[in-house]
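Me: Got a structure open here and I'd like to go through it with you. Can we take it piece by piece?

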Amino acid sequence: MARTSTARSASKPRGRILRRVGLAASLSIAALMLSGCSINNDVLRFGWPTGVTEQAHRMRELWTWSCIAALVMGVIVWGLTFWTVTFHRKKKGDDEFPKQFGYNVPLELAYTAAPFVIIAILFYFTVVVQNYVTENKPNPDVTVDVTAFQWNWKFGYRTVGTGPDKVDLANHQREDQLKQQTRESVEHKNDEGEPRPGPIQGKDVEDLGYLHYDRVETVGTSTEIPILVVPTGKRVQIELASADVVHSFWVPEFLFKRDVMPDPEANHQENIFQISNIDREGAFVGRCAEMCGTYHSMMNFEVRALNPQRFARYIELRKPTDMGGKGLDNASALTQLGKEDPSCGDLCSPVATTTHPFNPDRTYRQASEDTTR
Ligand SMILES: [Cu+2]
């Protein structure tokens, strides 16, 4: 009898504590949910870097909601742990252990099933976002060829515009020529005069007939960082290929990188991806993210996002004269654009503003802060 009344009197403050803890937890969750309308703030980024593409924003939302889900689970687990160690400990003077819950089948089934449900939910949303990020839609506004080589980049415009305004800038003549040449020069014959398979998927390493060439190209050198100019607010398709070893195209602000393989088709690689929308003008550094040899660390480039009007003018300035353009190179076109549109400022700088050429002298030994850029 005495024991029951003690338990009843103890249950009052205990109930109050539990109610307060419950209230605090639901208030915090409600605060998080309400701020979900604008979850793009520093706290709810949970350390996620700032991206500039729609794809990057979708990945960040997945990260934010995953963190919130993990925190909710954390609060529940911490709450249960706290509740157990506080209210279900062996009391002083008690001869027996508190009630034990070992081998409680429904309970054990529940906490075995719960993690699977959580994994299934996380998996579902991950697949949804991943499908969005890797989705390629027909008729992108701009198609860019990216060719990686030891140790720099070549950017070319394959098509610009859509529908009747679409301009084909591919250099088909050069591509056909190259295919013909490489086929002739690399044809291997065995002693009986029959074709002999080469070392890469039956092709010779010298067979570069898969590479794309365009009539407007920007090639990086050891003294010039290549700049890839693209429009904001437009769907940009990027087609990757390497002229030698495996490289990787990485623009940190896109929060996306993809390996750049030689002969992607023969290597069964999906070498095409799209950026549905770059949401602001700016200069963004790009890097090779695959260890590709001696000067790998120097394989930087810059993405310059310009508004569609500026981009259209840039393409006009760069287009070959026989296509009605001015036939300027990248630096001259940007300089000219800056002259015509002084408000362009650094966006029209003829040289990269986010990184600079490295010293390719292998005997150069002086450490400098610059090497970290
Ligand atoms: Cu590389």
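Me: Let's start with H4. How many residues does H4 have, and how far does it reach?
Reply: H4 has 30 residues. From its first C-alpha to its last it reaches 43 Å, close to the 44 Å expected at 1.5 Å a residue. Keep in mind that this is a predicted model.

Me: How many of the residues in H4 are buried?
Reply: One of its 30 residues, so H4 is hardly covered, given that buried takes 20 or more other C-beta atoms within 10 Å.

Me: OK, and H3? How long is that one?
Reply: H3 covers residues 54–87, which is 34 residues. Its end-to-end reach is 49 Å, C-alpha to C-alpha. The expected value at 1.5 Å a residue is 50 Å, so the two are close.

Me: Which residues of H3 are buried?
Reply: Gln55, Ala56, Met59, Arg60 and Thr64.

Me: What do the buried residues of H3 pack against?
Reply: Two helices and two strands: H2 (42–45), H4 (105–134), E8 (256–260) and E9 (272–275).

Me: What about the loop between H3 and H4? Is Pro98 there buried or exposed?
Reply: Pro98 sits in that loop. It counts as exposed because it has 12 C-beta neighbours inside 10 Å.

Me: Which residues does Pro98 touch?
Reply: His88 and Lys90, leaving out residues up to four places away in sequence. Pro98 and His88 are 10 residues apart in sequence, and their C-alpha atoms are 6.4 Å apart.

Me: Another proline, then. Where is Pro140?
Reply: In the loop between H4 and E1.

Me: Buried or exposed? And why?
Reply: Pro140 is buried, because it has 20 C-beta neighbours inside 10 Å.

Me: Which residues is Pro140 in contact with?
Reply: Beyond four places in sequence, the contacts are Arg235, Val236, Gln237 and Gln274. Look at Lys234 too. Pro140 and Lys234 are 94 residues apart along the chain, with 7.9 Å between their C-alpha atoms.

Me: New topic: the largest nonpolar core. Which residues touch the most other members?
Reply: Val144, Val146, Leu228, Val230 and Tyr314, out of 54 residues in that core. Strand E1 (residues 142–149) gives the most to this core, with five residues. The core also draws at least three residues from each of domain 1 (10–134) and domain 2 (142–170 + 212–358).

Me: Why would nonpolar residues gather like that?
Reply: As a general trend in soluble globular proteins, nonpolar side chains tend to be buried together.

Me: Zoom in on Leu228. What is Leu228 in contact with?
Reply: Val144, Phe155, Thr218, Phe301, Val303 and Arg304. That list leaves aside its neighbours within four places in sequence.

Me: Now H7. Which residues of H7 are buried?
Reply: H7 runs over residues 330–340, and its buried residues are Asn330, Ala333, Leu334 and Leu337. They cover an arc of only 95° around the axis, so they lie on the same side of H7.

Me: What covers the buried residues of H7?
Reply: The cover includes strands E4 (217–219) and E5 (227–231), plus helix H6 (308–318).

Me: Any odd backbone spots? Which residues does a cis peptide bond join?
Reply: Gln150 and Trp151, with omega about 0°. Trp151 is in the loop between E1 and strand E2 (152–160). Most peptide bonds are trans.

Me: And phi? Where is Phe46, with its positive phi?
Reply: Phe46 lies in the loop between H2 and H3. Its phi is about 50°, although it is not a glycine. Phe46 counts as partly exposed because it has 15 C-beta neighbours inside 10 Å.
His268 has a positive phi as well, about 55°, and is not a glycine. His268 lies in the loop between E8 and E9. It is exposed, because 8 other C-beta atoms lie within 10 Å.

Me: Back to the whole chain. How many helices and strands?
Reply: Seven helices and 11 strands. Buried residues make up 26% of the 373 residues.

Me: Last one: what's the average pLDDT?
Reply: The chain averages 84, and 82% of the residues score at least 70. Treat residues 1–10 apart. Their pLDDT stays under 50, and the model has zero contacts for them beyond four places in sequence.

Conventions
Residues numbered from 1 in each chain as written. Predicted model: local features only at pLDDT ≥ 70, side-chain atom pairs only at ≥ 80, totals over all residues. Core = buried A, V, L, I, M, F, W, Y, C linked by C-beta atoms within 7 Å. Helix = DSSP H or I, 4+ residues; strand = E, 2+ residues; numbered from the N terminus. Domains from an automatic or database assignment. Contact = placed C-beta atoms within 7 Å. pLDDT = per-residue confidence, 0-100. Arc of directions from axis to C-beta.
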